[in-house]
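Colleague: Please take me through this model one question at a time, with the cut-off behind each term stated as it comes up.

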Amino acid sequence: MKWKIDNVKIDNQVVLAPMAGICDSAYRRIIKSMGCGLIETEMVSTRAVMHLNRKTREMLEMTDFERPIAQQIFGSDSESFKTASSYIAENMNPDIIDINMGCPVTKVAVKSGAGSALLKSPEKVEEIIQTVKDSVSIPVTVKIRSGWNKNNAVEIAKIAEKSGASAIAVHPRTRQQRYDIPSDWSIIKDVKDNVSIPVIGNGDIRSCYDAKAMLEITGCDAIMIGRGVLGNPWIIKQCIDYLDYGIKPERIASREKLDMFKRHADMIIGNYEDKVVMHKLRTNAAYYMKNLHGSQEIKKRIFQTTTKEELFDLLENYVKTLKY
Ligand SMILES: Cc1cc2nc3c(=O)[nH]c(=O)nc-3n(C[C@H](O)[C@H](O)[C@H](O)COP(=O)(O)O)c2cc1C
């Protein structure tokens, strides 16, 4: 089903979650090739955008193929949000700016008062959203956890709406809960019942059946998938096919998984310096092979490989032993 965030038209209700270290342009293009309605980038620090070194500039790069795309930023002070959001809107031209109010990681965000730490200060939430809204002419969205150590998602969502956010994504776990318990979808419903901007539900979608259940249970406007896409970009198309046409998913053959990994690997090799390439290749290889017969044993061997050729040979020989 088509929907909109302000004037941004979105073809279906499937959204790629922002994931640091994962949702780079290469992976986003793979996800887009599955038809994903809205793509989010990995988060980029507002301070890093202000200082703009080569790495940050590369992280901000996006291609037209990925549109509509939301660039996510994180930070703690409105001044840096102002500078970063206007720089990004003018120079990178994303369709949406998304503000991170969910990152639980102390070292990365929380220590400096960013990410989920913002949920402790509703006044700061208001100030930051208003600042970004005033700095750009494209829609501004917010992604939240359900709170810091207690659920205040509805309060924050109402503030976000009042401050000018055009949509809100809800990952219904508090910062304190990290990933320790299942996400509580009733919080997404509470938010949906209390705001009139689009609500994007997030948390524990692992299949097209979960996607449909979340839409039905919460009434949310779209669903956002994070960990479920790791090594499994097909989940995006499966969700679209099931939600829009009632088509049930077919199993993905191991050969197809290996071919997709190789395509992904070539993009990684083209995009990164040698010293990070092997790490990314091994991690992704393990994701793509996950759940195949004997993959636990193969995973150990994947992490012992030191060259692309060695890794590809290992996987080719492994896939030949599989029936499907
Ligand atoms: C490796 C990893 C990196 C993440 N990075 C971000 C990020 O940059 N910004 C953000 O808002 N959330 C980030 N998240 C949280 C996800 O977007 C999502 O909210 C969370 O994983 C729950 O959804 P899921 O159950 O579909 O994975 C990250 C999650 C993972 C696993």
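Colleague: In which sense, and over how many bridges, do strand β9 (residues 167-174) and β10 pair?

Modeller: This is a predicted model, in which local features need pLDDT of at least 70 and side-chain atom pairs count only at pLDDT 80 or more, while totals for chains, interfaces and linings use all residues. Residues are numbered from 1 along each chain as its sequence is written, and side-chain values use heavy atoms, with hydrogens and water left out. Helices (H or I, at least four residues) and strands (E, at least two) are DSSP runs numbered from the N terminus, and two strands pair if DSSP finds at least two bridges between them. For β9 and β10 the pairing is in the parallel sense, over 3 bridges.

Colleague: Which residue in β11 is the bridge partner of Gly201?

Modeller: Towards β9, Gly201 in β10 stands opposite Val170. Strand β11 (residues 222-225) also pairs with β10 in the parallel sense, over 3 bridges. In β11, the partner of Gly201 is Ile223.

Colleague: Which helix makes a right-handed β-α-β unit with β10 and β11?

Modeller: A crossover is right-handed if, with the strands pointing away from the viewer, the path from the first strand over the helix to the second runs clockwise. One such unit is made by β9, helix α7 (residues 185-194) and β10. With β10 and β11, the right-handed unit is made by helix α8 (residues 208-218).

Colleague: On one side of strand β10 (residues 199-202) Val199 and Gly201 are buried; which residues are buried on the other?

Modeller: In a regular strand the side chains alternate between the two faces of the sheet. Buried means under 20% relative accessible area, exposed over 50% and partly exposed in between (1.4 Å probe, protein chains only). Both faces of β10 are covered, and the residues buried on the other side are Ile200 and Asn202.

Colleague: How far does a polar side-chain atom of Asn202 lie from an oxygen atom of the ligand?

Modeller: Of the 17 residues around the ligand (near meaning a heavy atom within 4 Å), those that come nearest are Gln72, Lys143, Asn202, Asp204 and Arg227. A polar contact is a pair of N or O atoms within 3.5 Å; within protein, one must be able to donate a hydrogen and the other to accept it, and residues adjacent in sequence count only if both atoms are side-chain atoms. Lys143 places a polar side-chain atom 2.8 Å from a ligand oxygen, and for Asn202 the distance is 2.6 Å.

Colleague: What percentage of the ligand's own accessible area does the protein cover?

Modeller: The backbone also takes part, since a polar backbone atom of Met43 is 3.3 Å from an oxygen atom of the ligand. On its own the ligand has 620 Å² of accessible area (Shrake-Rupley method, 1.4 Å probe; for residues, only the protein chains shown count as cover), of which the protein covers 86%.

Colleague: How many residues of strand β7 (residues 96-101) are buried?

Modeller: Both faces of β7 are covered, with Ile96, Asp98 and Asn100 buried on one side and Ile97, Ile99 and Met101 on the other. The strand is therefore largely enclosed by the rest of the structure, the number buried being 6 of the 6.

Colleague: Through which helix does the chain cross from β7 to β8?

Modeller: On one side of the sequence order, strand β6 (residues 69-74) runs parallel to β7 with 4 bridges, and β6, α4 and β7 make a right-handed β-α-β unit. Strand β8 (residues 140-147) pairs with β7 in the parallel sense over 5 bridges, with Asp98 opposite Thr141. The crossover from β7 to β8 is right-handed and passes through helix α5 (residues 122-135).

Colleague: Which residue's backbone oxygen does the side chain of Ser85 reach at 2.6 Å?

Modeller: Ser85 lies in helix α4 (residues 78-91) and is buried, with a relative accessible area of 0%. A polar atom of its side chain lies 3.4 Å from the backbone oxygen of Lys82, and the backbone oxygen reached at 2.6 Å is that of Phe81.

Colleague: Is Asn93 buried, partly exposed or exposed?

Modeller: Most residues other than glycine have a negative phi, and most peptide bonds are trans. Asn93, in the loop between α4 and β7, has a positive phi of about 60° although it is not a glycine. Because its relative accessibility is 46%, Asn93 counts as partly exposed.
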